[in-house]
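Colleague: Please pick one buried position in this model and take me through its surroundings closely. Put it in the context of the whole chain before you start.

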Amino acid sequence: MRAGKERVVFDRPQVEVLGEAGYVGVDMHFHSDRSPDSLARINLVLRKAKRDGIGVAFTDHNELSAALDFFKNKERVFVIPGIEVTCQEGVHTALYFSDLPSFREFGKRVLAPLKKVDPFRLPISTVEMMERAKDHNALVCAPHPFSAGQTGLHALKVTREMERLVDVVEGINSYNLHGMNLKALKWAERIGKPVSGGSDGHIVAELGQAVTFAKAHDVGSFLDAMRKGRTRVMGVENRLFEKAIVGYEKERSFLSRAHKHKEGWRLLHEQLGPECEHIWLSLKRHFKRHRHPFSHHVKAEHP
């Protein structure tokens, strides 16, 4: 089950090459415009996925509708029903389902009652959510476990019970910084869990920057391969300037949709704020290390 180094590659996903070898590639972490912080229209996401020859797991924030509506799409894109839930601690957990009946039942029995209380931060602990998801045959993934802010699992004191409940660790997240992904891979290796890869995209252009590959013929066999670690993961992180632009667009989109909800403002402050602060600090360090070679001439010309 451990993720061998040869199975995780930080490089552009070789979709065509691995496709010829019998692998199906899926971006396992993508947000459509059904998420409050995403600008990605679903029809454009499906069009790009078809053009690039990959599948997509719609993992909208506390929202099932994209995966429900587009599981069977006219583009014949391989779609995995998923969701990224935010629990009471602020931590994100990605859940994947092999069939729509289980997905719908989870939405009806678990998600809907919680969203009536708080649609942004569900009033349930992360551990309890994992347990209830498994009651509905979900595959539980820890996305960006070392991300900035409160959204990664390691913002909590991770217990053995949490590690037991996690089926897969997201080893490559394109929105993360490289060091965060390396920590995730080391953690996955230490606890003996397989890894996945996803772009965590919020705009269409980000789709497919990180892809999970498996030999599978349907959603069930794909998730089974993930659970057993029979996958290959390839991906690259966004450049710092891209992270800054996407971070800004995420906050702007979220503000425009959540201004009527007091909890929306809190979520923006506690979660998106730390992400952007981390990016800006990284940019500042980057500029200090890579000063313009002619900066002294510029100072001379502009006293």
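**Val168 and its surroundings**

Modeller: Among contacts in the protein with a separation of 6 or more, 75% are between residues 24 or more positions apart. The model is a predicted one. Its secondary structure consists of 11 helices and 10 strands, and 54% of the 303 residues count as buried.

The position I take is Val168, in strand 7, which covers residues 168-173. Val168 counts as buried because its relative accessible area is 0%, and the cut-off is under 20%. Leaving aside residues up to four places away in sequence, Val168 touches Leu139, Val140, Cys141 and Ala142, then Pro194, Val195 and Ser196, and also Met226. For one of these, Cys141, the C-alpha to C-alpha distance from Val168 is 4.6 Å, although the two are 27 residues apart in sequence.

The contact with Met226 leads to helix 8, residues 219-227. Met226 is one of the buried residues of that helix, together with Val219, Ser221, Phe222, Leu223 and Ala225. Just after helix 8 comes Gly229, with a positive phi of about 75 degrees.

For contrast, take Arg47, in helix 2 (residues 42-52). Arg47 is partly exposed, with a relative accessible area of 45%, and forms a positive surface patch with Arg41, Arg51 and Lys74. Over the protein, the accessible surface comes to about 14600 Å², with 53% belonging to carbon and sulfur atoms.

Methods: Residues numbered from 1 in each chain as written. Predicted model: local features only at pLDDT ≥ 70, side-chain atom pairs only at ≥ 80, totals over all residues. Heavy atoms only, no water. Patch = residues over 30% accessible without salt bridge, like charges linked within 9 Å, V, L, I, M, F, W, Y side chains within 5 Å. Areas by Shrake-Rupley, 256 points an atom, 1.4 Å probe, with all protein chains shown as cover. Salt bridge = Lys/Arg side-chain N within 4 Å of Asp/Glu carboxyl O. Lys, Arg positive; Asp, Glu negative; His and termini not counted. Charge placed at Lys NZ, Arg CZ, Asp CG, Glu CD. Helix = DSSP H or I, 4+ residues; strand = E, 2+ residues; numbered from the N terminus. Buried < 20%, exposed > 50% of the residue type's maximum accessible area, 1.4 Å probe, protein only. Contact = heavy atoms within 4.5 Å.
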